[in-house]
Amino acid sequence: VMMLIIFGCSWPANIYKSVTSRTTLGKSLLFEVLIVIGYLFGLASKVIIYNRTGELHLSFWFYILDISMVLTDICLYFRNLKIDRAEGRI
C-alpha cells in the first residue's frame, strides 16, 4: 500500500506539468503505458485474491486511483501532442 501511495503522490505533479507545459517534449508515452500495465497486473492480483477469499484489500482502491491518474496524464499527452503539431514543435 505504501508503494502505491508514494507512487500516487507523484502523479498529481506530473499531471500539473502536463497541463501547464502544453507539450509532449520530455514525456514518454511508452513509459506511462507500461506503468498502467504494471498497475493492471497488481489490480488483477487483488481481484483474484478477492474471488478466492472474499476479502478486498485496501490497496485495490489505491490501484484504481493511480491508474486513473496515469490515464489522465495519457489523455493530456494526446492533447499536448495535438498542440505540439499545431505549433510545429514536432
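**Three helices and a shared core**

The buried residues of helix 1 are Leu-4, Gly-8, Trp-11, Ile-15 and Ser-18. Around the axis they cover an arc of only 75°, which puts them on the same side of helix 1. As a reminder of the underlying geometry, an α-helix has 3.6 residues a turn, so residues three or four places apart point the same way. On the other side of helix 1, the exposed residues are Met-2, Ile-6, Cys-9, Ala-13 and Tyr-16. I should say at once that what we are discussing is a predicted model.

Let me stay with helix 1 for a moment. Its 20 residues should span 28 Å at 1.5 Å a residue, and the end C-alpha atoms are 29 Å apart, which agrees. What do the buried residues of helix 1 pack against? Their partners are helix 2 and helix 3.

I turn now to the residue that follows helix 1, Arg-22. Arg-22 lies in the loop between helix 1 and helix 2. Its phi is positive, about 55°, although Arg-22 is not a glycine. With a relative accessible area of 40%, Arg-22 is partly exposed.

Thr-24 is found in that loop between helix 1 and helix 2 as well. Is Thr-24 buried or exposed? At 7% relative accessibility, Thr-24 counts as buried, because the cut-off for burial is under 20%. Setting aside neighbours within four places in sequence, Thr-24 is in contact with Tyr-77, Asn-80, Leu-81 and Asp-84.

Next comes helix 2. This helix has 25 residues and reaches 36 Å from its first C-alpha to its last, close to the 36 Å expected at 1.5 Å a residue. Its buried residues are Glu-32, Ile-35, Val-36, Tyr-39, Gly-42, Leu-43 and Lys-46. Helix 1 and helix 3 are included in what covers these buried residues of helix 2. Just after helix 2, Gly-54 takes a positive phi of about 80°.

Tyr-39, one of the buried residues of helix 2, deserves separate mention. Which residues does Tyr-39 touch, if those up to four places away in sequence are not counted? They are Leu-4, Phe-7, Trp-11, Tyr-63, Asp-66, Ile-67 and Val-70.

This brings me to the largest nonpolar core, which has 14 residues. The members that touch the most other members are Trp-11, Ile-35, Tyr-39, Leu-43, Tyr-63 and Val-70. Two or more residues of this core come from each of helix 1 (2–21), helix 2 (29–53) and helix 3 (59–86). Which helix gives the most to this core? Helix 3 does, with seven residues. The general expectation is that, in soluble globular proteins, nonpolar side chains tend to be buried together.

Let me now consider Ser-59, which is found in helix 3. At 4% relative accessibility, Ser-59 counts as buried. Not counting residues up to four places away in sequence, Ser-59 touches Val-1, Leu-4 and Lys-46. Of these contacts, Leu-4 is among the buried residues of helix 1, and Lys-46 is among the buried residues of helix 2. The C-alpha atoms of Ser-59 and Ala-44 are separated by 11 Å, and these two residues are 15 apart along the chain.

I come to the aromatic rings. How many aromatic pairs does a search of the whole structure find? The search finds three, and I shall describe two of the pairs. The rings of Phe-60 and Trp-61 have their centres 4.8 Å apart and their planes at 85°, so this pair is edge-to-face. Tyr-77 and Phe-78 have ring centres 5.6 Å apart and planes at 85°, so this pair too is edge-to-face.

The accessibilities of three of these residues are also available. Phe-60 counts as buried, at 14% relative accessibility. Tyr-77 counts as buried at 15%, whereas Phe-78 counts as partly exposed at 46%. Tyr-77 has already appeared in this talk, as one of the residues in contact with Thr-24.

Finally, the cysteines. A search of the whole structure finds zero disulfides. Cys-9 counts as exposed at 55% relative accessibility, and Cys-75 is exposed with a relative accessible area of 55%. Cys-9 belongs to the exposed residues of helix 1 with which I began, on the other side from the buried ones.

Definitions and conventions. Residues numbered from 1 in each chain as written. Predicted model: local features only at pLDDT ≥ 70, side-chain atom pairs only at ≥ 80, totals over all residues. Heavy atoms only, no water. Core = buried A, V, L, I, M, F, W, Y, C linked by side-chain atoms within 4.5 Å. Buried < 20%, exposed > 50% of the residue type's maximum accessible area, 1.4 Å probe, protein only. Helix = DSSP H or I, 4+ residues; strand = E, 2+ residues; numbered from the N terminus. Contact = heavy atoms within 4.5 Å. Expected span 1.5 Å × (residues − 1). Arc of directions from axis to C-beta. Phe/Tyr/Trp six-rings, centres within 6.5 Å; stacked < 30°, edge-to-face > 60°. Disulfide = S-S within 2.5 Å.
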